[in-house]
Amino acid sequence: MKYSKLAAVLAVASGMCVVPQDAYGAEITSPSGTVKLKADVVDSVPVYSIEYKNKKVVLPSKLGFELADGPDMMDGFRLIDTSVSSFDEVWQPVWGENSHIRNNYNELLMRLDQPEHYRKMNIRFRVYDDGVGFRYEFPQEGVLNYFIIKEEHTQFAMNGDHTAWWIAGDYDTQEYDYTECRLSEIRGKMSEAICSNASQTLFSPTGVQTALQMKTDDGLYINIHEAALVDYSCMHLNLDDKNMVFESWLTPDAQGNKGHMQSPSHTPWRSVMICDNACDVLASNLILNLNEPCAYDDTSWIKPVKYVGVWWEMIAGPKEWSYTSDLPSVKLGKHDYASVKPHGKHSANTANVKKYIDFAAEHGFDQVLVEGWNVGWEDWFGHSKDYVFDFQTPYPDFDLEGLNAYAQSKGVRLMMHHETSASVRNYERHMDKAYKLMNKYGYNSVKSGYVGNMIPRGEHHYGQWLVNHYLYAVTEAAKHKIMVNAHEAVRPTGLCRTYPNLIGNESARGTEYEAFAGNKPFHTTVLPFTRLQGGPMDYTPGIFDMDMKEVNPDGNGHVNSTIARQLALYVTMYSPLQMAADVPEVYNRHLDAFQFIKDVAVDWDESRYLEAEPGRYIVAARKAKGGDDWYVGCTANENGHQSTISLDFLDKDKKYEAVIYADAPDAHYASNPHAYKIEKKKVTSKSRLKMKAAPGGGYAISIKPIDK
Ligand code: NOJ
Ligand code: CA
């Protein structure tokens, strides 16, 4: 083991806690000393460990790579030197949970070489008060130039058989319900955890996806994820369940390789968040802070969006994206609809879209999503076809120009929909024209989608090639001042900080599954700890008819939530893009409850998490951007939740009116989901509210100053 004297001198000079020790090459603590990281080269292998408030969180864990085209980078390393620095800034996101975010860390850079192979590799650690981020860097020195990663072997050795909230490892989908169990029980629960649309690529009976939330028996919350996933494959975690050691498992490409690298380059950040209060996990900015600042000079065109859409009636109901039951012939690459008979169930027809535009205008929504507007839906899914959509040609009954003009005359925009059917080369071929078409008609946001097996065949949704595509779609969209909300794309890793026109993602099991198979009642008490750590989710809440009878008289789907909880999700599921997903007819029957969706903000100056426990409940309070209104939301699992919340976050000098949208005393997500009560109360910062969420229920509160 070597330690550079220079680094030691620098460390002491800068007053930082970097101590050369016999056991460790370097030790560095977070700004206020809660998190301690040790890193070294032991027996020629790079290792690290993490402590939180003197408790061991990550036991000594190895770092390295297996290469497909040369000697591995698993051992044979020497520590050349270490250097330390610290960073402290406050930055302002274009949109977000808070108007200002502090990014404060101490950094340790470990420079290594592999003398036998004349290679160099650095490992950069950033140590925050709520966790650690680290990444591998490959400088353009030595002989490491172009290389292929067979596997990354980053270990995260846990110090116990923690409770985990996890979904199965899968290279193509995250649309799973979560399972809560001990790490040692994952293997036994894997087969029941696999969802019906899982891809056939389950790689291990103990493989899970990130962000993985865990809790230790002594009350620490540990979250493993990654940040700034760029030009690299998405990481899964494979558990050695005898020793409780996770190891990275990257998504392969069609040849089975996991990363094509060229120096100088680096991996995404691997992150380990540690908190002793679940609210702090939800409030953490670790993932955003590990990302680069905004890449755009002008962001004035990026605006949060509240929208309705021609959607739920197809997802839940008998309506269709397609225009006809026949397969229209394709002549010279163009679908011929002239000779086909419409089946009469096409939702995206001019009259129906006008109805949604009128509804949006009447109730103050920004946009109307229209799916099924473009030709090709007759044969879009399941046949692995390269060419389905051109993203430009409307169905004969969709008046592209007239509807956009009509929407704009009412102060509303249409939202574009690009379902790629996972035929990604086809999408890239048409992308520029498709974005230009949007510019021509005044669309400024697109919901894209990647349903089905990936084309090129053999590639996976979470592989490096697709990771590059998703970012290409976002940066190309930026050239056209277009915001992107991609469904089925790779899980977010905080890239919305750098590219804030990435205004949403799905990448998890959303409300659509309530119509297909139902979501577990605790689902929305888990997602903010896991999927939302990387960025906002287009969860599409706001379903008011849990039996969906209005939408589909023949349907038997049931949404596992009360109405009050559907309202709360606009607060607990942070997103600058929020849909009111149910149909106008249903909202018109509940205009009193709908008022909360109309009022609630989509961008915030301040967010507070009042109470939280993964899988149990979340209570969040947020202050609307540029205003004095606060909104509170609570989502609870199947046992409900009862507590007294303090409104001490309110301005001490103001009086407010609170409108409380709560579950009725006998409400229940399964047997009585539609029972709610609305109550008005005068409140101040001294008020305390005794609140009760029903099983699978919740509550929502809007709090506005009186006499503004
Ligand atoms: C799956 C998406 O999640 C859903 O929102 C969309 O309606 C369908 N794909 C069709 O694109
Ligand atoms: Ca989906």
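What volume does the largest cavity have? Hold that thought for a second while I say that what you're looking at is a predicted model. Okay, the answer: the largest cavity comes out at about 250 Å³.

So who sits around that space? There are 24 residues in the lining, and Tyr470, Val490, Leu495, Leu502 and Asn505 are the ones closest to the centre of the largest cavity. If you want to find the place by secondary structure, go to α9 (464-479), β28 (483-487) and β29 (502-505), the elements that each give two or more residues to this lining. Helix α9 gives the largest share, with 5 residues. And the character of the wall? Sorted by class, the lining of the largest cavity has 16 nonpolar, 7 polar and 1 charged residues.

Now, the structure holds 2 cavities of 30 Å³ or more, and the second largest has a volume of about 40 Å³. Its lining includes Ser233, Thr251, Asp253, Lys258 and Trp465. By class, the lining of this second largest cavity has 2 nonpolar, 6 polar and 3 charged residues.

Next up, a pocket. The second largest pocket has about 430 Å³ of space. It takes 28 residues to line that pocket, and nearest its centre you'll find Glu97, Asn285, Leu288, Cys496 and Tyr574. Helix α4 (residues 286-290) supplies the largest share of the lining, 3 residues. The class split for the second largest pocket is 17 nonpolar, 9 polar and 2 charged.

Last stop, the ligand. Which residues come nearest to ligand 1? Out of 13 around it, those are Glu371, Glu419, Lys447, His487 and Glu506. By class, the shell around ligand 1 has 5 nonpolar, 2 polar and 6 charged residues.

Let's zoom in on some atoms. Lys447 has a side-chain N or O atom 2.6 Å from an oxygen atom of ligand 1. For Trp311, the distance from a side-chain N or O atom to an oxygen atom of the ligand is 2.9 Å. And for Glu488, the matching distance between a side-chain N or O atom and a ligand oxygen is 3.0 Å. How much of ligand 1 does the protein cover? On its own, ligand 1 has 290 Å² of accessible area, and the protein covers 94% of that.

If you're opening the model yourself, here's a route: begin at α9 for the largest cavity, move to α4 for the second largest pocket, and finish at Lys447 beside ligand 1. Thanks, everyone!

Key:
Residues are numbered from 1 along each chain as its sequence is written. Chains are lettered from A and ligands numbered from 1 in the order in which they are written. This is a predicted model: local features need pLDDT of at least 70, side-chain atom pairs count only at pLDDT 80 or more; totals for chains, interfaces and linings use all residues. Side-chain values use heavy atoms; hydrogens and water are left out. A residue is near a molecule or strand if one of its heavy atoms lies within 4 Å of it. A polar contact is a pair of N or O atoms within 3.5 Å; within protein, one must be able to donate a hydrogen and the other to accept it, and residues adjacent in sequence count only if both atoms are side-chain atoms. Accessible areas come from the Shrake-Rupley method with a 1.4 Å probe; for residues, only the protein chains shown count as cover. Ala, Val, Leu, Ile, Met, Phe, Trp, Tyr, Cys and Pro count as nonpolar, Asp, Glu, Lys and Arg as charged, and the others, Gly among them, as polar. On a 1 Å grid over the protein atoms alone, a cavity is a set of points where a 1.4 Å probe fits but cannot get out, and a pocket is an open set with protein on both sides within 12 Å along at least five of seven lines; lining residues have an atom within 4 Å of a point. Grid points are joined across faces, edges and corners, and a volume is the space filled by probe spheres set on the points. Helices (H or I, at least four residues) and strands (E, at least two) are DSSP runs, numbered from the N terminus.
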